[in-house]
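Please look through the model shown here before reading on; the paragraphs that follow go from the ligand to the domains, then to one helix and to two residues with unusual backbone angles.

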Amino acid sequence: MPETVVFTDPAGEGPPIELERFGLGPALADSELRLRKIPEPDPYYVDLGMGYRFAQIEAARRSGAEGLVPLHVAVRGHMGTGKDHDIEQFAAAMGLPYFRIPLTGEVRDVTLIGSTRLHGDGKGGTESRWADGDITRALRGPALLNLSELNAAGAETLFALHGLLDRYAALDLPNGETVPLRDDVRIFGTMNPTDIRDYAGTQTLNKAFADRWVIWEKRFPVESQVKAMLVRRYPGLGEEYLEAIARLTTEINASFEAMDSGVRVETPLSLRSVLDRVPTGLVIYADDPDPLRRAWDEFVLPQVDPYDRDHYETVWNAVVRRGPSQPPFRTR
Ligand SMILES: Nc1ncnc2c1ncn2[C@@H]1O[C@H](COP(=O)(O)OP(=O)(O)O)[C@@H](O)[C@H]1O
Ligand SMILES: [Mg+2]
């Protein structure tokens, strides 16, 4: 019996989607490497909707509906909204080896696609041999590729990927080989929005390249979603703290998206701040008169540019002013 996985719609609208997981054929030369690359499911992962949408695309592809071609999903959102985590957790659920390949401006074509190298032939001479780059290697077997920071990719990289992503569905290597897009390979991407703020080294996505993706927005989480993620991970965290952290998060991020440059903050409150750093601060400063404020000072503000701290302070004052006086965690 093949293993299956069920995706449920967190919005409660669509039906559950049951999908067969990928199996790794033992015949592959690098099957051991690939097995190790299947991500562990994160027990604290809360699907805010993206996982279910990925499953919808997968189900459509497997439905055999006439005329459909494989689609590639690019998730667009600000830093720390959980884009990479959604994609990684989809790989975990589907049992696919996960290859996250950043396309930032500095990586060259040879790193991604590959190059011809000289090797000793063992007889005192040299011979040239093709060596796969990161993308090519991943494409050789079952894989989920996450091409992260699509909009930081250089022109030569984009050009190399065009054929892979459209109907041609193959990568032409400079050595003349053609690597087809296998049926058990999925390609995803992530990018930052360039419209509101600039991220170093990014640009608006080249139109021809953008047209090869389905682009889905990953919004900042709303209060109930922040709470759900915190509760899942820190079941003992006090209600007052949940409330305050969730509101700070949504208000800071709303201020980040504000049009008025005089009041808006320039750094969003990422899920890493909310789920990793603040709770660590609360543990450390649990006995402080105001644990949340101490955690904020020591674990949030250092991430924020100095010129931006005033705006953070304005939001803090509007939302909490004084943090809860109870200890942050219920003890048993
Ligand atoms: N849906 C989620 N449920 C639980 N934790 C999450 C979720 N999304 C993100 N996280 C946490 O937030 C961190 C940052 O997410 P990440 O995917 O790296 O953001 P991005 O790629 O958008 O910058 C992850 O390491 C993970 O711990
Ligand atoms: Mg990321």
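**A ligand shell drawn from two domains**

Around ligand 1, the shell takes at least three residues from each of domain 1 (4–107 + 138–217) and domain 2 (223–319), the domain bounds coming from an automatic or database domain assignment. This is a predicted model, in which local features need pLDDT of at least 70 and side-chain atom pairs count only at pLDDT 80 or more, whereas totals for chains, interfaces and linings use all residues. Residues are numbered from 1 along each chain as its sequence is written, while chains are lettered from A and ligands numbered from 1 in the order in which they are written.

The shell consists of 17 residues, and the closest are Gly82, Lys83, Asp84, His85 and Leu271; a residue is counted as near the ligand if its C-beta atom, placed from the backbone, lies within 6 Å of it. Two elements, α3 (83–94) and α10 (271–284), give two or more residues to this shell, helices being DSSP runs of H or I with at least four residues and strands runs of E with at least two, numbered from the N terminus. By class, the shell holds eight nonpolar, six polar and three charged residues, where Ala, Val, Leu, Ile, Met, Phe, Trp, Tyr, Cys and Pro count as nonpolar, Asp, Glu, Lys and Arg as charged, and the others, Gly among them, as polar.

The centres of domain 1 and domain 2, taken over C-alpha atoms, are separated by 30 Å. Nine residues from domain 1 and ten residues from domain 2 make the contact, which requires C-beta atoms, placed from the backbone, within 7 Å. On the side of domain 1 that touches domain 2 there are five nonpolar, four polar and no charged residues.

Helix α10, one of the elements of the ligand shell, has a kink of about 30° at Arg277, shortly before the proline Pro279; the bend is the angle between axes fitted to the seven residues ending there and the seven starting there. Its buried residues include Ser273, Val274, Leu275 and Pro279, buried meaning 20 or more other C-beta atoms within 10 Å of a residue's own, exposed 12 or fewer, and partly exposed in between, with C-beta atoms placed from the backbone. The buried residues of α10 pack against α8 (223–233), α9 (239–256) and α11 (291–300).

Most residues other than glycine have a negative phi. Ala169, however, has a positive phi near 50°, and lies in the loop between α6 (155–165) and β8 (170–172); Ala169 counts as partly exposed because it has 14 C-beta neighbours inside 10 Å. Arg321, in the segment after α12 (309–319), has a positive phi near 65°.

Methods:
Contact = placed C-beta atoms within 7 Å.
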